[in-house]
Amino acid sequence: MATWNTRGLRGSTLEELINRTNEVYLEKGLALIQKIPTPITPIKIDKDSRHITLAYFEQKSTVDYIGAVQGIPVCFDAKECTVDTFALQNIHPHQVEFMKQFERQGGVSFLILFFSTRNELFYLPYKDMIRFWERAEKGGRKSFRYEELDQDYYIQPKNGILVPYLESLQKDLNTRD
């Protein structure tokens, strides 16, 4: 497999796990969360397989997921990390701005992080993400370490739900004014 393809597959397993989780949440009437596709314009299409072989992004995407949980608007992005340090360059300024505006409108923004070498998932509340982001903007670390994450937001699969983030969302809501 070509190396350029490998990078494109990063995160696809995490997104599939989240998609399955969202299906269960929908079936149980707990949440309605949709994956937001990134709009692309095809340039070349293989005539035999009808697959897009070359395309460009039409616009900057916002976040991976958006929806409502029991009447609460939520948006979040899924990020995968292969080491114990998460580079903030993996979060784009337009995503941070979208999440900031979403929070100002009364919604809840967060990240779901997958540390693949540890096989561990974390819910990163907006307040923590923005603290790391602002630290970097002020000349501090351009990343955050696994050890800096609040262990209360560790996500462990249970009851057939692969990425049960609703418990962490509830913890997040309980810490807000």
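This note sets out numbered points on a predicted model of a protein.

1. Overall make-up. The protein has 177 residues, of which 36% are buried. Its secondary structure consists of five helices and 10 strands. The protein exposes about 10,700 Å², and carbon and sulfur atoms supply 52% of that area. When contacts between residues at least 6 apart in sequence are considered, 63% of them join residues at least 24 apart.

2. The largest nonpolar core. In soluble globular proteins, nonpolar side chains tend to be buried together. Here the largest nonpolar core holds 24 residues, and F110, I112 and Y165 touch the most other members. Two or more residues come from each of α2 (12-27), β1 (31-35), β4 (65-69), β5 (72-81), β7 (108-115), β8 (120-125) and α5 (166-174). A second core, separate from this one, has 23 residues, including V63, L111, Y126 and F144.

3. The surroundings of F110. Which residues is F110 in contact with, leaving aside its neighbours within four places in sequence? The list is V74, C75, F76, D77, M99, Y123, L124, P125, Y126, Y165 and L169. Among these partners, D77 is found in strand β5, M99 is one of the buried residues of α3, and L169 is one of the buried residues of α5.

4. Residue D77. Is D77 buried or exposed? The relative accessibility of D77 is 3%, so the residue counts as buried, the cut-off being under 20%. Its side chain makes a polar contact, at 3.4 Å, with the side chain of Q95. Q95 is itself among the buried residues of α3. Not counting residues up to four places away in sequence, D77 touches T62, V63, D64, Q95, F110, L111 and I112. Of these, F110 and I112 are named in the largest core, while V63 and L111 are included in the second one.

5. Residue D64. This residue is placed in the loop between β3 (52-57) and β4. D64 counts as buried because its relative accessibility is 13%. A polar atom of the D64 side chain lies 2.9 Å from the backbone nitrogen of A78. Leaving aside neighbours within four places in sequence, the contacts of D64 are E15, Q34, K35, I36, F76, D77 and A78.

6. Helix α3. This helix covers residues 93-104; its 12 residues should span 16 Å at 1.5 Å a residue, and the end C-alpha atoms are 17 Å apart, which agrees. Its buried residues are Q95, V96, M99, F102 and E103. Seen down the helix axis, they fall within an arc of 125°, so they line one face of α3. On the other side of α3, P93 and R104 are exposed. The buried residues of α3 are covered by elements that include β4, β5, β7 and α4 (126-137). After α3 comes G106, with a positive phi near 95°.

7. Helix α4. How many residues does α4 have? The helix has 12 residues, and the distance from its first C-alpha to its last is 16 Å, close to the 16 Å expected at 1.5 Å a residue. Its buried residues are Y126, D128, M129, I130, F132, W133 and A136. Y126 also appears in the second core, and Y126 is in contact with F110. What covers the buried residues of α4 includes α3, β7, β8 and β9 (143-145). G139, which follows α4, has a positive phi near 95°.

8. Helix α5 and the loop before it. The buried residues of α5 are L166, S168, L169 and D172. They line one face of α5, because they fall within an arc of 155° when seen down the axis. I161 is found in the loop between β10 (154-155) and α5. With a relative accessibility of 10%, I161 counts as buried. Where does I161 stand with respect to N22? The two residues are 139 apart in sequence, and their C-alpha atoms are 9.0 Å apart in space. Not counting residues up to four places away in sequence, I161 touches T21, V24, Y25 and K28.

How values were computed:
Residues are numbered from 1 along each chain as its sequence is written. This is a predicted model: local features need pLDDT of at least 70, side-chain atom pairs count only at pLDDT 80 or more; totals for chains, interfaces and linings use all residues. Side-chain values use heavy atoms; hydrogens and water are left out. A nonpolar core is a set of buried Ala, Val, Leu, Ile, Met, Phe, Trp, Tyr and Cys residues joined through side-chain atoms within 4.5 Å. Buried means under 20% relative accessible area, exposed over 50%, partly exposed in between (1.4 Å probe, protein chains only). Helices (H or I, at least four residues) and strands (E, at least two) are DSSP runs, numbered from the N terminus. Contact means heavy atoms within 4.5 Å. Accessible areas come from the Shrake-Rupley method with a 1.4 Å probe; for residues, only the protein chains shown count as cover. A polar contact is a pair of N or O atoms within 3.5 Å; within protein, one must be able to donate a hydrogen and the other to accept it, and residues adjacent in sequence count only if both atoms are side-chain atoms. The arc is that of the directions from the helix axis to the C-beta atoms. The expected span of a helix is 1.5 Å times one less than its number of residues.
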